[in-house]
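Here's a quick briefing to read with the model open beside you. Start with the odd backbone spots, then move on to helices and empty space.

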Amino acid sequence: MSETPIQVNSSWHGNCLEQTRAATLKLLAYCQSRNWSGIDPYDALNSKFFEALPALDRYTPRLILTQALKRSIFNIRPFLAVRPAQNPKALGLFLMSLLRLSRLGLPAGGDATKEVIKNLESLRSPDSAYWCWGYSFPWQTRTLLVPRWSPNLVCTTFVANALLDAYEQIGETHLLEMAASSAKFILEKLYWTDGESVAGFAYPLPSMKNNVHNGNFLGAALFCRVAKHTGDKMFLAPALKVARYSASRQRNDGSWKYGESANQEWIDNFHTGFNLCALRTIENVLETDEFKPHLQRGFAFYLSHFFREDGAAKYFHDQTYPIDIHCVAQSIITLLSLKDLDSGNVQLAQKVFQWAMNHMWDEDGFFYYRVLRSWTIRTAYMRWSQAWMFLAMSMLVGETGAVANGSKADNSTALATA
């Protein structure tokens, strides 16, 4: 694996734009031909063996199988009868991307957008009065089992943001109504407080009243967007209380731990990116500078800890491997969303993308999962890998095209929450 830094010359923007457009359309064709369905790093419990052999459906077998499939170099899901599925969060990311490509005049197609919205409507969590969503697989954590389709904060937030993007572009009021219902679900079922200063959103289940900072910021940013469009101010006080609490937990070096529990002390790339992009959305929507110092310190830490000289995006702040495609995608999104904070952000985003094309792109039209020190896991995951890269590339096409043409990029507030 070469670690020689990519040289950026005068022809870079034109070459990058052409390459990014071609790869974006090829990735679109790959995902659309599979009806937006695919496998996931955490979908082991969709195995039909768990239905056929109830004795396996216990904590230890569930945890072992989940981790084994996630870490395996080879995709053994066909042997375990784990079938591809549509995932609501992936569909939300696809919807954001299709809308952006449509604005750029690329052949994403209005029918594809309508198709994804229809699929999202059909996949709402059952037995809920709200528009809310969960993952397409049961999810065994270290402490509990999250049932399939059980609505959760992060999945619902991303889908609701995509629906707001669609409302802003298409103007159909039912899309805003769905997003507002999602915000009410989060407010009425997940929001909690403890005294004057502590507040958060329960994750991954309503019973889990812990503080996961990226979830807190994402939920607060959604509240701000919904309040702006509906005029319903009941979302603003909770949004600010939660955002202020998680902002207060920023460390002196600018970083955030994943969460406040004893087993949530790691610092990683894409969750840090979520924090920063959500703070930018809150800042833009509320037209406030309150969180500017947190944003600046956080981005300085992000920039100095998550990138190798050759453009590889690191997962953790203190080690090189794994290099994960989700981190690649979120790095591009974060750099472009916060390009005003550093003049080199766009160039670095292009460099990150080029590294991924050199090391994680398959000519069949998809991205690999992870590069490790000694080998590459070439499994194609739909939500974790393709949906995220599709969003990052849709942003990069617009930004690189604007630079090449000397025009202004499409910098809609919506994508800052991605």
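Ala 81 is partly exposed, at a relative accessible area of 25% (buried is under 20%, exposed is over 50% and partly exposed is in between, with a 1.4 Å probe and protein chains only). This is a predicted model, where local features need pLDDT of at least 70, side-chain atom pairs count only at pLDDT 80 or more, and totals for chains, interfaces and linings use all residues. Residues are numbered from 1 along each chain as its sequence is written, and side-chain values use heavy atoms, with hydrogens and water left out.

**Unusual backbone spots**

- Most residues other than glycine have a negative phi, and most peptide bonds are trans.
- Ala 81 isn't a glycine, yet its phi is positive, at about 60°.
- You'll find Ala 81 in the loop between helix 3 and strand 2; helices (H or I, at least four residues) and strands (E, at least two) are DSSP runs, numbered from the N terminus.
- Trp 149 also has a positive phi, about 70°, although it is not a glycine.
- Trp 149 sits in the loop between strand 4 (145-146) and helix 6 (153-170), and it is partly exposed, with a relative accessible area of 24%.
- The peptide bond from Tyr 203 to Pro 204 is cis, with omega near 5°, and Pro 204 lies in the loop between strand 6 (198-201) and helix 8.
- Another cis bond runs from Tyr 321 to Pro 322, again with omega near 5°; Pro 322 belongs to the loop between helix 11 and strand 7 (323-324).

**Helix 10 and its residues**

- Of the 18 residues in helix 10, 16 are buried, so the rest of the structure largely encloses this helix.
- The end C-alpha atoms of helix 10 are 26 Å apart, which agrees with the 26 Å that its 18 residues should span at 1.5 Å a residue (the expected span is 1.5 Å times one less than the number of residues).
- At the start of helix 10, a side-chain oxygen of Asp 268 comes within 3.2 Å of the backbone nitrogen of Phe 270. That's a polar contact by the rule used here: a pair of N or O atoms within 3.5 Å, where within protein one must be able to donate a hydrogen and the other to accept it, and residues adjacent in sequence count only if both atoms are side-chain atoms.
- Glu 287 follows helix 10 and has a positive phi, near 50°.
- Asn 275 is part of helix 10 (residues 269-286) and is buried, at a relative accessible area of 3%.
- A polar atom of the Asn 275 side chain lies 3.2 Å from the backbone nitrogen of Asn 214.
- Beyond its neighbours within four places in sequence, Asn 275 is in contact (heavy atoms within 4.5 Å) with His 213, Asn 214, Phe 217 and Trp 256.
- Leu 286 is in helix 10 too, but this one is partly exposed, at 28% relative accessible area.
- Not counting residues up to four places away, Leu 286 touches Cys 224, Leu 236 and Leu 240.

**Helix 4**

- In helix 4, 14 of the 16 residues are buried, so it is largely enclosed by the rest of the structure.
- Asn 87 caps the N-terminal end of helix 4, with a side-chain oxygen 3.0 Å from the backbone nitrogen of Lys 89.
- Gly 105, which follows helix 4, has a positive phi near 80°.

**The largest pocket**

- The lining of the largest pocket has 41 residues, and Tyr 42, Lys 70, Trp 139, Tyr 258 and Trp 266 lie nearest its centre. On a 1 Å grid over the protein atoms alone, a pocket is an open set of points with protein on both sides within 12 Å along at least five of seven lines, and lining residues have an atom within 4 Å of a point.
- Helix 3 gives the most to this lining, with five residues.

Notes. 1 Å grid on protein atoms, 1.4 Å probe; cavity = no way out; pocket = protein on both sides within 12 Å on 5 of 7 lines; lining within 4 Å.
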